[in-house]
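Reader: Hi! I'm new to reading protein models, and I'd love a close look at the part around the ligand, followed by a walk through whatever else helps me picture the chain. Could you take me through it step by step?

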Amino acid sequence: MAGGTRSQDLDFRYRPETDQSFENALRKARRRADVVGEEVTFVANLNNNVTTACNTGCLFCNFKDPAEAFRSDLDGTHGGFTKTPAESRRIVRDAVSRGIYEVCSVSGLHPGFALDAEHHEILAGYEQAHSSANYRPPARYDTDPGTYTEQIDAMSVGDVHVHSMTPEEAAHARRGTDWSYTDVYGTLQDAGLDSVPGTAAEILVDEVRDVICPAKIDSAGWIAAMEGASKAGLDTTATIMYGHVENARHRVMHLEEVRDLQDRTSAITEFVPLSFVHENTPLYERGLVTGGASTDEDELMIAVSRLFLDNIDNIQSSWVKYGDSQGLKMLSCGANDFMGTICSEEITKRAGGTSGEYRSVEEFVEMIGAIGRIPTERSTDYRQRRRIDPGDTTHGPRLGPKADGTPIRASQPARTAND
Ligand code: SF4
């Protein structure tokens, strides 16, 4: 996409003293309405995280547990979990029967994970040579997570949309080989993968990644994985996790990487700003940060994303990160998507998030209607949409393979509550 008028039209410098102006507020509202209209979308989905076992040690993350603690030959204890492919299938099958459209799966980098049997054979050679390939045979652990292809196949129940395998997971699924990302994603697509979450992006500037996630792939690796997914024919999303050690310049550099990637691939269906939840993270506990982003910064992030990313239509407001009330406000700052029903959420909850794990279709309709916008159930790729009229008495999803308008859960559970 041509970018000739961008710098003439917009000034992207961080200027909080002028950003609150009436003129800028109007500009933000107009851009969102011009691009996507008055619909606020959400998807009926389930989060199914497969394992918390991970040795990567990202300092912003409290989702993981040291993988050694999962070994059957050691005495370690942990409060996490690993699901077998059979367990994943049972959980997803139940959610599909309740009406979900999508299963979203993001997991720790379990050392026993491999792409498939061939990959296990290759990695076994590394283990015997005492290489640092972050691999141990799954038999060494209490629970065998299966291979990535087995997990994707297990979650691919009926026609449910499988949204999984972040760039970091794809890197783990090709470690120790020279396989291309396109081939790895092609294999996963054959197993049932439908689209790829662009998490693990954090901030796509290596001087920031070197501080918060030094063992992860670098910015170029993340971009290469996303391009590979796109070449395999998969839709992707993109994220930014902000509000930790980075500065405004880093955020703009990140947005520019994402915008350029979209110019090359046209595969990104939505952009998701993720405000860093700091409470239980090593970054906070070690004194490297004293808190997360301010509310003003959160609103600015959404607004600038809407203006800067002129080639991505959908900007998401995450109720898991922002909560209901601020999440709704973000819909007037440039966002047009309000995430999904989720049904289960471990990543933010473990980092100290308190916004809960489930929103019903009824709650989405009520909240979105209350701000004068049009509640709209969507597919993962936004190509299917179902506007929900104010008089519609349907309280459940209708787009999933078995959705018939029945609520996903019979009654609202108590609300209990970073990648
Ligand atoms: S962010 Fe992901 S890769 Fe990093 S420690 Fe947490 S689970 Fe592991």
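Author: Happy to. Of the 12 residues around the ligand, the ones that come nearest are Cys54, Cys58, Cys61, Lys64 and Lys216. Sorted by class, this shell holds six nonpolar residues, three polar ones and three charged ones. Please keep in mind that you are looking at a predicted model.

From the ligand, let's turn to charged side chains elsewhere in the chain. Side chains of opposite charge can pair when their charged atoms come close. In this model the count comes to 20 salt bridges. One of them joins Glu39 and Arg387, whose closest N and O atoms are 2.7 Å apart. Look at where the two partners sit: Glu39 belongs to strand 1 (residues 39–43) and Arg387 to strand 11 (residues 385–387), so this pair links distant parts of the chain, 348 residues apart. Is Glu39 buried or exposed? With a relative accessible area of 11%, Glu39 is buried, because the cut-off for that word is under 20%.

Another salt bridge brings together the side chains of Asp324 and Arg359, at 2.9 Å from N to O. Asp324 is in helix 14 (residues 319–330), while Arg359 is in the loop between helix 15 (347–350) and helix 16 (361–370), so the pair ties together parts that are 35 residues apart in sequence. Both partners are covered by the protein: Asp324 counts as buried at 19% relative accessibility, and Arg359 is buried with a relative accessible area of 2%.

A further pair is made by Arg386 and Asp392, whose side chains meet at 3.7 Å, N to O. Here Arg386 counts as buried at 13% relative accessibility, whereas Asp392 is partly exposed, with a relative accessible area of 28%. Salt bridges can also join up into a network, as they do for Glu68, Arg71, Asp73 and Arg136.

Arg359 leads us on to another residue, since Arg359 is among the residues that Thr341 touches. Where is Thr341? Thr341 lies in the loop between strand 9 (337–340) and helix 15. Thr341 is buried, and its relative accessible area is 0%. Leaving out residues up to four places away in sequence, Thr341 touches Val43, Ala44, Asn45, Trp319, Glu357, Tyr358, Arg359, Phe364 and Ile408. You can also find Thr341 and Pro397 on the model: their C-alpha atoms are separated by 9.8 Å, with their positions 56 residues apart along the chain.

There is a second pair of this kind to find. The C-alpha atoms of Ala33 and Ser332 are separated by 10.0 Å, although these residues are 299 apart along the chain. Ala33 is part of helix 3 (residues 22–36), and at 29% relative accessibility Ala33 counts as partly exposed.

Now for a whole element. How many of the eight residues of helix 6 (residues 148–155) are buried? Six of them are, so helix 6 is largely enclosed by the rest of the structure. The buried ones are Tyr148, Thr149, Gln151, Ile152, Ala154 and Met155. And what do these buried residues of helix 6 pack against? Their neighbours are helix 4 (85–97), strand 3 (102–105), strand 4 (161–164), helix 7 (167–172) and helix 8 (181–191).

Next, have a look at the backbone in the loop between strand 5 (195–196) and helix 9, where you will find Ala200. Ala200 has a positive phi of about 70°, although it is not a glycine. Glu202 is in the loop between strand 5 and helix 9 too, and its phi is also positive, near 50°, again in a residue other than glycine. Both are tucked away from the outside: Ala200 counts as buried at 1% relative accessibility, and Glu202 is buried with a relative accessible area of 0%.

Following that loop brings us to helix 9 itself (residues 206–212), which contains Val211. At 35% relative accessibility, Val211 counts as partly exposed. Together with Val245 and Leu288, Val211 makes a nonpolar surface patch of about 210 Å².

Definitions and conventions:
Residues are numbered from 1 along each chain as its sequence is written. This is a predicted model: local features need pLDDT of at least 70, side-chain atom pairs count only at pLDDT 80 or more; totals for chains, interfaces and linings use all residues. Side-chain values use heavy atoms; hydrogens and water are left out. Patches are made of residues with over 30% relative accessible area and no salt bridge: like charges are joined within 9 Å, nonpolar side chains (Val, Leu, Ile, Met, Phe, Trp, Tyr) within 5 Å. Accessible areas come from the Shrake-Rupley method with a 1.4 Å probe; for residues, only the protein chains shown count as cover. A salt bridge is a side-chain nitrogen of Lys or Arg within 4 Å of a carboxyl oxygen of Asp or Glu. Helices (H or I, at least four residues) and strands (E, at least two) are DSSP runs, numbered from the N terminus. Buried means under 20% relative accessible area, exposed over 50%, partly exposed in between (1.4 Å probe, protein chains only). A residue is near a molecule or strand if one of its heavy atoms lies within 4 Å of it. Ala, Val, Leu, Ile, Met, Phe, Trp, Tyr, Cys and Pro count as nonpolar, Asp, Glu, Lys and Arg as charged, and the others, Gly among them, as polar. Contact means heavy atoms within 4.5 Å.
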